[in-house]
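Please work through the following exercises with the sequence and the model side by side, and try each task yourself before you read its solution.

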Amino acid sequence: MKVAVEGCCHGELDKIYESIQFLEKKDNVKVDLLLCCGDFQAVRNEADMICMAVPVKYRQMQTFYKYYSGEKKAPVLTIFIGGNHEASNHLQELPYGGWVAPNIYYLASALKQHMDIFLSHDWPQGIYHYGNKKQLLKKKAFLRPEVESNTLGSPAATELLQHLKPSYWFAAHLHVKFAALMQHPKCDGEQLPKATKFLALDKCLPHRDFLQIVEIEHDPNASEHLEYDSEWLAILKATNDLINVTSKSWNMPENNSLHAKWDYSVSEEDIKELLEEQANNLQIPCNFSQIAPVYDPAHPQRSREPIHVINPQTTEFCATFGLTDLNAKVKQMESEGLMEEEDEMDGADNPEEPSDYTTDTSGLSSSINPDEITLDDDDDDDDNGELSAHSVEPLPDHPFTDSSANFSDVRDLPDSMVVSSDETQDSANEELDKSGDSSMTEGEGRTTRTKAVKRISNEHENGSSGIKLIKRRNQSIYHTQSNENEDIE
(Lines give C-alpha, C1' and ligand atoms only; values in the text may rest on other atoms or scores of the structure.)
Protein backbone atom coordinates (compact mmCIF):
# COMPACT_ATOMS: atom_id res chain seq x y z
CA MET A 1 0.00 0.00 0.00
CA LYS A 2 1.12 3.55 -0.67
CA VAL A 3 1.37 5.65 2.48
CA ALA A 4 1.90 9.40 2.39
CA VAL A 5 3.84 10.65 5.41
CA GLU A 6 3.71 14.32 6.39
CA GLY A 7 5.76 16.20 8.99
CA CYS A 8 4.29 19.12 10.93
CA CYS A 9 0.88 19.98 9.51
CA HIS A 10 0.17 23.34 11.21
CA GLY A 11 -3.38 23.30 9.85
CA GLU A 12 -2.36 23.34 6.17
CA LEU A 13 -4.75 20.56 5.13
CA ASP A 14 -5.73 22.06 1.79
CA LYS A 15 -2.12 22.35 0.66
CA ILE A 16 -1.23 18.85 1.86
CA TYR A 17 -4.16 17.20 0.09
CA GLU A 18 -3.49 19.22 -3.06
CA SER A 19 0.11 18.04 -3.05
CA ILE A 20 -0.97 14.41 -2.70
CA GLN A 21 -3.51 14.72 -5.51
CA PHE A 22 -0.91 16.30 -7.76
CA LEU A 23 1.49 13.42 -7.18
CA GLU A 24 -1.25 10.87 -7.76
CA LYS A 25 -2.06 12.42 -11.12
CA LYS A 26 1.55 12.93 -12.14
CA ASP A 27 2.75 9.43 -11.24
CA ASN A 28 -0.50 7.57 -11.87
CA VAL A 29 -0.63 6.21 -8.32
CA LYS A 30 -3.27 6.10 -5.61
CA VAL A 31 -2.35 6.98 -2.04
CA ASP A 32 -4.12 4.70 0.44
CA LEU A 33 -3.33 6.48 3.70
CA LEU A 34 -1.96 9.78 5.01
CA LEU A 35 -0.03 9.86 8.29
CA CYS A 36 0.60 13.26 9.94
CA CYS A 37 3.29 13.41 12.63
CA GLY A 38 1.89 16.10 14.91
CA ASP A 39 1.19 19.83 15.20
CA PHE A 40 -2.00 19.04 13.31
CA GLN A 41 -3.95 21.99 14.77
CA ALA A 42 -7.53 20.75 14.51
CA VAL A 43 -9.06 24.20 15.09
CA ARG A 44 -12.84 24.33 14.65
CA ASN A 45 -13.59 27.87 15.79
CA GLU A 46 -12.29 30.90 17.67
CA ALA A 47 -12.60 29.14 21.05
CA ASP A 48 -10.27 26.37 19.88
CA MET A 49 -7.85 29.05 18.71
CA ILE A 50 -7.63 30.43 22.24
CA CYS A 51 -6.57 27.00 23.48
CA MET A 52 -3.92 26.46 20.81
CA ALA A 53 -0.44 26.37 22.35
CA VAL A 54 1.14 29.15 20.30
CA PRO A 55 1.70 32.89 20.81
CA VAL A 56 -1.21 35.10 19.82
CA LYS A 57 0.41 36.29 16.60
CA TYR A 58 0.59 32.70 15.32
CA ARG A 59 -3.10 31.94 15.90
CA GLN A 60 -4.44 31.43 12.40
CA MET A 61 -7.57 29.54 11.45
CA GLN A 62 -6.03 27.75 8.44
CA THR A 63 -8.32 25.21 6.76
CA PHE A 64 -9.24 22.38 9.15
CA TYR A 65 -12.62 23.95 9.97
CA LYS A 66 -13.76 23.30 6.38
CA TYR A 67 -13.33 19.54 6.93
CA TYR A 68 -15.01 19.67 10.33
CA SER A 69 -18.03 21.52 8.93
CA GLY A 70 -18.45 19.19 5.96
CA GLU A 71 -17.65 21.87 3.40
CA LYS A 72 -14.80 19.59 2.32
CA LYS A 73 -13.98 15.94 2.92
CA ALA A 74 -10.51 14.47 3.26
CA PRO A 75 -9.80 12.70 -0.06
CA VAL A 76 -7.70 10.04 1.68
CA LEU A 77 -7.99 8.38 5.08
CA THR A 78 -5.92 10.57 7.41
CA ILE A 79 -4.47 9.52 10.76
CA PHE A 80 -2.62 12.02 12.92
CA ILE A 81 -1.00 12.28 16.32
CA GLY A 82 -0.70 15.29 18.59
CA GLY A 83 2.29 17.61 18.81
CA ASN A 84 3.28 20.52 21.01
CA HIS A 85 1.17 23.05 19.07
CA GLU A 86 -2.41 21.82 19.22
CA ALA A 87 -5.91 23.00 20.11
CA SER A 88 -5.67 21.08 23.37
CA ASN A 89 -9.32 21.51 24.33
CA HIS A 90 -10.43 19.70 21.16
CA LEU A 91 -8.06 16.76 21.51
CA GLN A 92 -8.80 16.42 25.23
CA GLU A 93 -12.38 15.61 24.28
CA LEU A 94 -10.92 12.44 22.72
CA PRO A 95 -8.42 11.06 25.26
CA TYR A 96 -8.67 7.60 23.67
CA GLY A 97 -8.66 8.91 20.09
CA GLY A 98 -11.50 9.47 17.67
CA TRP A 99 -12.73 11.17 14.53
CA VAL A 100 -12.16 14.92 14.37
CA ALA A 101 -13.81 15.10 10.94
CA PRO A 102 -15.08 12.56 8.40
CA ASN A 103 -12.11 10.45 7.24
CA ILE A 104 -9.69 12.17 9.68
CA TYR A 105 -8.80 10.16 12.79
CA TYR A 106 -6.88 11.29 15.87
CA LEU A 107 -4.63 8.53 17.21
CA ALA A 108 -4.38 9.55 20.86
CA SER A 109 -2.10 6.72 22.00
CA ALA A 110 -1.74 3.07 21.15
CA LEU A 111 0.96 0.45 21.63
CA LYS A 112 1.37 -3.16 20.70
CA GLN A 113 4.19 -5.66 20.66
CA HIS A 114 4.41 -6.22 16.92
CA MET A 115 4.03 -3.23 14.64
CA ASP A 116 5.11 -2.01 11.25
CA ILE A 117 4.82 1.76 11.76
CA PHE A 118 5.35 3.95 14.81
CA LEU A 119 4.44 7.66 14.85
CA SER A 120 5.88 10.25 17.21
CA HIS A 121 6.17 14.02 17.10
CA ASP A 122 9.61 14.29 18.68
CA TRP A 123 12.61 12.19 17.65
CA PRO A 124 13.96 9.26 19.66
CA GLN A 125 17.06 10.43 21.49
CA GLY A 126 20.22 9.25 19.71
CA ILE A 127 18.63 8.41 16.36
CA TYR A 128 20.86 11.01 14.68
CA HIS A 129 23.84 8.70 15.19
CA TYR A 130 22.35 6.29 12.62
CA GLY A 131 22.03 8.72 9.72
CA ASN A 132 23.93 11.52 8.02
CA LYS A 133 24.76 13.52 11.12
CA LYS A 134 27.09 15.88 9.27
CA GLN A 135 24.38 16.89 6.83
CA LEU A 136 21.86 17.32 9.67
CA LEU A 137 24.18 19.72 11.50
CA LYS A 138 24.87 21.59 8.28
CA LYS A 139 21.15 22.28 8.00
CA LYS A 140 20.52 22.83 11.71
CA ALA A 141 23.78 24.03 13.24
CA PHE A 142 22.11 25.06 16.51
CA LEU A 143 21.46 21.38 17.27
CA ARG A 144 25.19 20.60 17.58
CA PRO A 145 25.49 20.96 21.39
CA GLU A 146 22.64 18.54 22.02
CA VAL A 147 23.78 16.09 19.35
CA GLU A 148 27.31 16.03 20.75
CA SER A 149 26.00 15.59 24.30
CA ASN A 150 23.42 13.03 23.08
CA THR A 151 20.53 14.94 24.68
CA LEU A 152 18.55 15.81 21.54
CA GLY A 153 15.19 14.09 21.33
CA SER A 154 13.03 12.04 23.68
CA PRO A 155 14.58 9.40 25.99
CA ALA A 156 11.15 7.77 26.38
CA ALA A 157 10.86 7.41 22.59
CA THR A 158 14.27 5.73 22.54
CA GLU A 159 13.09 3.16 25.07
CA LEU A 160 10.07 2.39 22.89
CA LEU A 161 12.23 2.19 19.77
CA GLN A 162 14.56 -0.32 21.38
CA HIS A 163 11.70 -2.35 22.85
CA LEU A 164 9.16 -2.38 20.02
CA LYS A 165 11.60 -2.40 17.05
CA PRO A 166 9.07 -1.22 14.46
CA SER A 167 9.87 -1.52 10.77
CA TYR A 168 9.28 2.21 10.27
CA TRP A 169 9.37 5.18 12.62
CA PHE A 170 8.05 8.51 11.32
CA ALA A 171 8.48 11.82 13.19
CA ALA A 172 8.58 15.61 12.74
CA HIS A 173 9.05 18.46 15.27
CA LEU A 174 12.57 19.66 14.36
CA HIS A 175 11.47 20.99 10.95
CA VAL A 176 14.10 19.18 8.93
CA LYS A 177 14.13 16.06 6.80
CA PHE A 178 16.36 13.33 8.20
CA ALA A 179 16.55 9.61 7.49
CA ALA A 180 18.32 6.90 9.46
CA LEU A 181 18.62 3.14 9.58
CA MET A 182 18.93 1.56 13.00
CA GLN A 183 19.80 -2.11 13.22
CA HIS A 184 18.77 -3.68 16.50
CA PRO A 185 20.80 -6.34 18.30
CA LYS A 186 19.72 -9.85 17.44
CA CYS A 187 17.57 -11.43 20.14
CA ASP A 188 17.16 -15.06 21.08
CA GLY A 189 14.68 -16.78 18.80
CA GLU A 190 15.16 -14.34 15.93
CA GLN A 191 16.49 -15.72 12.67
CA LEU A 192 17.60 -12.26 11.59
CA PRO A 193 18.13 -9.02 13.51
CA LYS A 194 15.42 -6.43 13.10
CA ALA A 195 15.96 -2.95 11.71
CA THR A 196 13.99 0.30 11.89
CA LYS A 197 13.87 2.82 9.06
CA PHE A 198 13.50 6.27 10.61
CA LEU A 199 12.22 9.26 8.67
CA ALA A 200 11.58 12.76 10.00
CA LEU A 201 9.97 15.34 7.72
CA ASP A 202 9.70 19.12 7.63
CA LYS A 203 6.66 21.38 7.99
CA CYS A 204 4.37 22.29 5.11
CA LEU A 205 6.09 25.33 3.63
CA PRO A 206 7.69 26.30 0.30
CA HIS A 207 11.04 24.67 -0.44
CA ARG A 208 10.65 22.16 2.39
CA ASP A 209 10.61 18.36 2.37
CA PHE A 210 7.28 18.01 4.16
CA LEU A 211 5.70 15.07 2.33
CA GLN A 212 6.88 11.66 1.21
CA ILE A 213 5.09 8.66 -0.25
CA VAL A 214 6.33 5.28 0.96
CA GLU A 215 5.24 1.90 -0.36
CA ILE A 216 4.76 -0.53 2.49
CA GLU A 217 3.88 -4.19 2.28
CA HIS A 218 0.28 -4.82 3.28
CA ASP A 219 -1.73 -7.96 3.96
CA PRO A 220 -4.44 -8.05 1.27
CA ASN A 221 -6.62 -10.13 3.58
CA ALA A 222 -6.53 -7.57 6.37
CA SER A 223 -9.64 -5.62 7.30
CA GLU A 224 -10.37 -2.51 5.27
CA HIS A 225 -11.60 -0.76 8.42
CA LEU A 226 -9.70 0.78 11.30
CA GLU A 227 -9.65 -1.46 14.35
CA TYR A 228 -8.71 -0.98 17.98
CA ASP A 229 -5.65 -2.87 19.18
CA SER A 230 -6.63 -5.64 21.57
CA GLU A 231 -3.48 -5.38 23.68
CA TRP A 232 -3.94 -1.63 24.16
CA LEU A 233 -7.58 -2.14 25.19
CA ALA A 234 -6.61 -4.83 27.68
CA ILE A 235 -4.06 -2.49 29.25
CA LEU A 236 -6.66 0.28 29.51
CA LYS A 237 -9.04 -2.07 31.30
CA ALA A 238 -6.30 -3.29 33.65
CA THR A 239 -5.27 0.27 34.61
CA ASN A 240 -8.72 1.86 34.73
CA ASP A 241 -8.74 1.98 38.54
CA LEU A 242 -5.59 4.10 38.50
CA ILE A 243 -7.28 7.04 36.77
CA ASN A 244 -7.16 10.25 38.78
CA VAL A 245 -9.12 13.34 37.72
CA THR A 246 -8.48 15.38 40.84
CA SER A 247 -5.75 17.98 41.25
CA LYS A 248 -4.07 15.96 44.01
CA SER A 249 -0.67 14.43 43.42
CA TRP A 250 -0.88 10.81 42.39
CA ASN A 251 2.06 8.44 42.32
CA MET A 252 1.72 5.22 40.39
CA PRO A 253 2.23 1.86 42.15
CA GLU A 254 5.84 0.73 42.38
CA ASN A 255 7.64 -2.51 43.13
CA ASN A 256 8.41 -1.48 46.72
CA SER A 257 6.29 -3.95 48.71
CA LEU A 258 3.73 -1.22 49.42
CA HIS A 259 1.38 -2.07 46.58
CA ALA A 260 -0.53 -5.29 46.01
CA LYS A 261 -0.09 -4.85 42.26
CA TRP A 262 2.41 -2.80 40.31
CA ASP A 263 2.95 -4.73 37.07
CA TYR A 264 0.09 -4.08 34.66
CA SER A 265 1.38 -6.07 31.72
CA VAL A 266 -1.42 -8.04 30.08
CA SER A 267 -1.36 -11.71 29.24
CA GLU A 268 -2.69 -13.63 26.29
CA GLU A 269 -5.52 -14.73 28.56
CA ASP A 270 -6.45 -11.09 29.24
CA ILE A 271 -6.55 -10.37 25.51
CA LYS A 272 -8.58 -13.50 24.84
CA GLU A 273 -11.09 -12.49 27.50
CA LEU A 274 -11.42 -9.04 25.96
CA LEU A 275 -12.02 -10.46 22.49
CA GLU A 276 -14.69 -12.80 23.84
CA GLU A 277 -16.46 -9.88 25.56
CA GLN A 278 -16.51 -7.98 22.26
CA ALA A 279 -17.40 -11.00 20.10
CA ASN A 280 -14.09 -10.48 18.25
CA ASN A 281 -15.38 -7.16 16.88
CA LEU A 282 -12.90 -4.32 17.50
CA GLN A 283 -13.84 -2.22 14.47
CA ILE A 284 -13.68 1.51 15.11
CA PRO A 285 -17.16 2.93 14.44
CA CYS A 286 -17.58 5.85 12.04
CA ASN A 287 -19.41 7.91 14.63
CA PHE A 288 -18.17 11.45 14.03
CA SER A 289 -20.60 14.22 14.92
CA GLN A 290 -20.30 17.99 15.15
CA ILE A 291 -20.50 19.08 18.77
CA ALA A 292 -18.92 22.52 18.49
CA PRO A 293 -19.88 25.57 16.43
CA VAL A 294 -17.92 26.00 13.22
CA TYR A 295 -15.91 29.05 12.27
CA ASP A 296 -17.69 31.29 9.80
CA PRO A 297 -15.24 33.59 7.98
CA ALA A 298 -18.12 35.90 7.05
CA HIS A 299 -19.20 36.32 10.67
CA PRO A 300 -16.22 35.75 13.00
CA GLN A 301 -17.01 35.45 16.71
CA ARG A 302 -13.93 36.94 18.34
CA SER A 303 -15.45 36.78 21.82
CA ARG A 304 -16.20 33.05 21.70
CA GLU A 305 -14.81 31.29 24.76
CA PRO A 306 -13.92 27.59 25.17
CA ILE A 307 -16.30 25.44 27.20
CA HIS A 308 -15.96 21.96 28.66
CA VAL A 309 -17.60 19.54 26.24
CA ILE A 310 -18.21 15.79 26.53
CA ASN A 311 -17.64 14.10 23.20
CA PRO A 312 -20.15 11.30 22.45
CA GLN A 313 -17.39 9.29 20.76
CA THR A 314 -15.53 9.04 24.07
CA THR A 315 -18.75 8.24 25.89
CA GLU A 316 -19.50 5.38 23.49
CA PHE A 317 -15.93 4.07 23.64
CA CYS A 318 -15.89 3.98 27.45
CA ALA A 319 -19.32 2.36 27.63
CA THR A 320 -18.28 -0.30 25.13
CA PHE A 321 -15.13 -1.33 26.97
CA GLY A 322 -16.13 -0.59 30.58
CA LEU A 323 -13.76 2.36 31.07
CA THR A 324 -14.02 5.63 32.98
CA ASP A 325 -15.03 8.59 30.85
CA LEU A 326 -12.50 11.19 32.06
CA ASN A 327 -14.40 14.22 30.82
CA ALA A 328 -17.72 12.98 32.17
CA LYS A 329 -16.07 12.39 35.56
CA VAL A 330 -14.65 15.91 35.60
CA LYS A 331 -18.03 17.33 34.57
CA GLN A 332 -19.71 15.43 37.40
CA MET A 333 -17.22 16.71 39.95
CA GLU A 334 -17.68 20.26 38.67
CA SER A 335 -21.45 20.01 39.02
CA GLU A 336 -21.07 18.71 42.59
CA GLY A 337 -18.62 21.48 43.49
CA LEU A 338 -15.83 19.02 44.21
CA MET A 339 -13.36 20.58 41.80
CA GLU A 340 -13.62 23.94 43.61
CA GLU A 341 -12.95 22.22 46.93
CA GLU A 342 -9.89 20.56 45.46
CA ASP A 343 -8.58 23.92 44.22
CA GLU A 344 -9.09 25.53 47.63
CA MET A 345 -7.21 22.74 49.34
CA ASP A 346 -4.37 23.05 46.88
CA GLY A 347 -4.20 26.80 47.51
CA ALA A 348 -3.64 26.27 51.25
CA ASP A 349 -0.22 26.65 52.81
CA ASN A 350 0.11 22.95 53.48
CA PRO A 351 3.33 21.69 51.87
CA GLU A 352 2.88 19.19 49.10
CA GLU A 353 3.99 15.66 49.81
CA PRO A 354 7.31 14.90 48.14
CA SER A 355 7.13 12.73 45.07
CA ASP A 356 8.93 9.42 44.88
CA TYR A 357 10.03 10.26 41.35
CA THR A 358 13.04 12.24 40.22
CA THR A 359 12.54 15.73 38.89
CA ASP A 360 15.91 15.88 37.14
CA THR A 361 15.42 17.42 33.68
CA SER A 362 19.07 17.51 32.65
CA GLY A 363 18.44 14.87 30.01
CA LEU A 364 15.74 16.88 28.25
CA SER A 365 16.23 18.95 25.13
CA SER A 366 17.39 22.49 25.94
CA SER A 367 18.51 24.16 22.74
CA ILE A 368 16.56 27.02 21.13
CA ASN A 369 15.25 26.15 17.70
CA PRO A 370 14.91 29.42 15.73
CA ASP A 371 12.59 27.61 13.32
CA GLU A 372 10.18 26.60 16.08
CA ILE A 373 7.31 28.50 17.66
CA THR A 374 8.01 29.30 21.32
CA LEU A 375 5.32 30.24 23.80
CA ASP A 376 7.24 33.31 25.01
CA ASP A 377 7.31 34.73 21.47
CA ASP A 378 4.99 37.65 22.21
CA ASP A 379 3.29 40.07 19.88
CA ASP A 380 4.93 43.18 21.28
CA ASP A 381 8.34 41.98 20.14
CA ASP A 382 7.42 42.13 16.48
CA ASP A 383 9.49 45.20 15.73
CA ASN A 384 12.90 43.93 16.77
CA GLY A 385 14.18 44.05 13.23
CA GLU A 386 13.67 42.90 9.70
CA LEU A 387 15.29 40.04 7.90
CA SER A 388 15.71 39.89 4.16
CA ALA A 389 14.65 36.46 2.96
CA HIS A 390 15.42 35.37 -0.58
CA SER A 391 13.43 32.87 -2.54
CA VAL A 392 15.28 29.57 -2.71
CA GLU A 393 15.84 28.43 -6.26
CA PRO A 394 15.79 24.73 -7.21
CA LEU A 395 19.13 23.04 -7.25
CA PRO A 396 20.47 21.87 -10.63
CA ASP A 397 19.91 18.23 -9.76
CA HIS A 398 16.32 18.92 -8.70
CA PRO A 399 14.68 20.62 -11.71
CA PHE A 400 11.15 21.96 -11.72
CA THR A 401 8.40 19.64 -12.79
CA ASP A 402 6.40 20.97 -15.72
CA SER A 403 3.03 21.29 -14.08
CA SER A 404 -0.18 23.25 -14.33
CA ALA A 405 -1.13 22.63 -10.71
CA ASN A 406 -3.30 25.40 -9.27
CA PHE A 407 -1.31 25.59 -6.05
CA SER A 408 2.43 25.99 -5.60
CA ASP A 409 4.72 24.24 -8.05
CA VAL A 410 5.92 20.83 -6.95
CA ARG A 411 9.44 19.54 -7.21
CA ASP A 412 10.25 15.82 -7.22
CA LEU A 413 13.32 14.51 -5.47
CA PRO A 414 15.00 11.21 -6.37
CA ASP A 415 14.64 8.33 -3.91
CA SER A 416 15.05 10.52 -0.90
CA MET A 417 14.84 8.23 2.06
CA VAL A 418 18.63 8.28 2.15
CA VAL A 419 20.91 7.18 4.92
CA SER A 420 24.60 7.90 4.54
CA SER A 421 27.63 8.09 6.80
CA ASP A 422 29.09 11.33 8.14
CA GLU A 423 31.82 11.15 5.55
CA THR A 424 29.57 10.50 2.55
CA GLN A 425 27.15 13.26 1.63
CA ASP A 426 25.48 11.92 -1.49
CA SER A 427 25.03 8.17 -1.12
CA ALA A 428 21.77 7.15 -2.81
CA ASN A 429 19.89 4.74 -0.55
CA GLU A 430 23.18 2.96 0.19
CA GLU A 431 22.31 2.10 3.75
CA LEU A 432 18.60 1.49 3.21
CA ASP A 433 19.37 -0.95 0.43
CA LYS A 434 21.16 -3.04 3.02
CA SER A 435 17.91 -3.41 4.92
CA GLY A 436 16.78 -5.91 2.33
CA ASP A 437 19.91 -8.00 2.82
CA SER A 438 19.14 -11.15 4.80
CA SER A 439 22.55 -10.90 6.42
CA MET A 440 21.52 -7.71 8.19
CA THR A 441 17.77 -7.47 8.70
CA GLU A 442 14.65 -9.46 8.37
CA GLY A 443 12.36 -8.83 5.43
CA GLU A 444 14.58 -10.10 2.64
CA GLY A 445 13.36 -9.17 -0.80
CA ARG A 446 11.11 -6.33 0.36
CA THR A 447 11.49 -3.04 -1.40
CA THR A 448 10.44 0.41 -0.40
CA ARG A 449 9.87 3.01 -3.10
CA THR A 450 9.44 6.60 -2.06
CA LYS A 451 8.45 9.89 -3.57
CA ALA A 452 9.16 13.22 -1.90
CA VAL A 453 7.85 16.66 -2.71
CA LYS A 454 8.64 20.23 -1.85
CA ARG A 455 6.22 23.12 -2.18
CA ILE A 456 7.67 25.95 -4.21
CA SER A 457 6.13 29.39 -3.86
CA ASN A 458 5.47 31.59 -6.90
CA GLU A 459 7.50 34.49 -5.59
CA HIS A 460 8.82 35.59 -9.00
CA GLU A 461 5.44 35.99 -10.64
CA ASN A 462 4.25 39.38 -11.90
CA GLY A 463 7.80 40.69 -12.09
CA SER A 464 8.47 40.59 -8.36
CA SER A 465 12.06 40.56 -7.26
CA GLY A 466 11.72 37.39 -5.19
CA ILE A 467 12.80 39.23 -2.03
CA LYS A 468 10.52 39.65 0.94
CA LEU A 469 11.02 41.23 4.34
CA ILE A 470 10.00 39.17 7.34
CA LYS A 471 9.81 40.60 10.82
CA ARG A 472 11.43 38.27 13.35
CA ARG A 473 12.13 38.50 17.04
CA ASN A 474 15.45 37.43 18.60
CA GLN A 475 17.14 38.90 15.57
CA SER A 476 20.64 38.16 16.86
CA ILE A 477 19.86 34.44 16.79
CA TYR A 478 18.65 34.49 13.22
CA HIS A 479 21.68 36.36 11.88
CA THR A 480 23.74 33.26 12.65
CA GLN A 481 21.42 30.83 10.94
CA SER A 482 21.47 29.57 7.38
CA ASN A 483 18.86 30.33 4.73
CA GLU A 484 16.70 27.41 5.74
CA ASN A 485 15.37 29.49 8.62
CA GLU A 486 13.94 32.18 6.36
CA ASP A 487 10.26 31.43 6.93
CA ILE A 488 7.98 31.85 9.86
CA GLU A 489 5.34 29.54 11.28
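**Exercise 1: Two helices in contact**

Task: Decide how helices H8 and H9 are oriented with respect to each other, and list the residues through which they meet.

Solution: H8 and H9 are roughly perpendicular to each other. To see this in the model, which is a predicted one, begin with the axes of H8 and of helix H9 (residues 268-277), which come within 9 Å and cross at roughly 95°. An angle from 65 to 115 degrees counts as roughly perpendicular, and therefore the crossing of the two helices belongs to that class. Next, look for the residues that make the contact: H8 contributes Ser230, Glu231, Leu233, Ala234 and Lys237, while H9 contributes Ile271, Leu274, Leu275 and Glu277. Sorted by class, this contact has 5 nonpolar, 1 polar and 3 charged residues. Finally, turn to the buried residues of H8, which are Ser230, Glu231, Trp232, Leu233, Ala234 and Leu236, and which pack against both H9 and H10.

**Exercise 2: Aromatic pairs**

Task: Classify the ring pair of tryptophan 99 and tyrosine 105, and then find which parts of the chain are tied together by tyrosine 228 and phenylalanine 317.

Solution: The model has 19 aromatic pairs in total. In one of these, the rings of tryptophan 99 and tyrosine 105 have centres 5.0 Å apart and planes at 75°, so the pair is edge-to-face. Both tryptophan 99 and tyrosine 105 are buried. Tyrosine 228 and phenylalanine 317 also form an edge-to-face pair, with 5.1 Å from centre to centre and 65° between the planes. Because tyrosine 228 lies in the loop between strand S10 (209-215) and helix H8 (230-238), and phenylalanine 317 lies in helix H10 (residues 312-321), this pair ties together parts that are 89 residues apart in sequence. Tyrosine 228 and phenylalanine 317 are both buried.

**Exercise 3: A residue in a loop**

Task: Is alanine 74 buried or exposed, and which residues does alanine 74 touch beyond four places away in sequence?

Solution: First locate alanine 74, which is found in the loop between helix H3 (64-69) and strand S3 (78-80). Its relative accessibility is 5%, and because buried means under 20%, alanine 74 counts as buried. Leaving aside residues up to four places away in sequence, alanine 74 touches Tyr17, Tyr67, Pro102, Asn103 and Ile104. As a last step, compare sequence with space: alanine 74 and leucine 13 are 61 residues apart in sequence, while their C-alpha atoms are 8.6 Å apart.

Key
Residues are numbered from 1 along each chain as its sequence is written. This is a predicted model: local features need pLDDT of at least 70, side-chain atom pairs count only at pLDDT 80 or more; totals for chains, interfaces and linings use all residues. Side-chain values use heavy atoms; hydrogens and water are left out. Rings of Phe, Tyr and Trp (its six-membered ring) pair if their centres lie within 6.5 Å; planes under 30 degrees apart count as stacked, over 60 as edge-to-face and the rest as tilted. Buried means under 20% relative accessible area, exposed over 50%, partly exposed in between (1.4 Å probe, protein chains only). Helices (H or I, at least four residues) and strands (E, at least two) are DSSP runs, numbered from the N terminus. Axes are lines fitted to C-alpha atoms, for helices over the stretch in contact, and angles run from 0 to 180 degrees between N-to-C directions. Angles under 35 degrees count as roughly parallel, over 145 as roughly antiparallel, 65 to 115 as roughly perpendicular and the rest as oblique. Contact means heavy atoms within 4.5 Å. Ala, Val, Leu, Ile, Met, Phe, Trp, Tyr, Cys and Pro count as nonpolar, Asp, Glu, Lys and Arg as charged, and the others, Gly among them, as polar.
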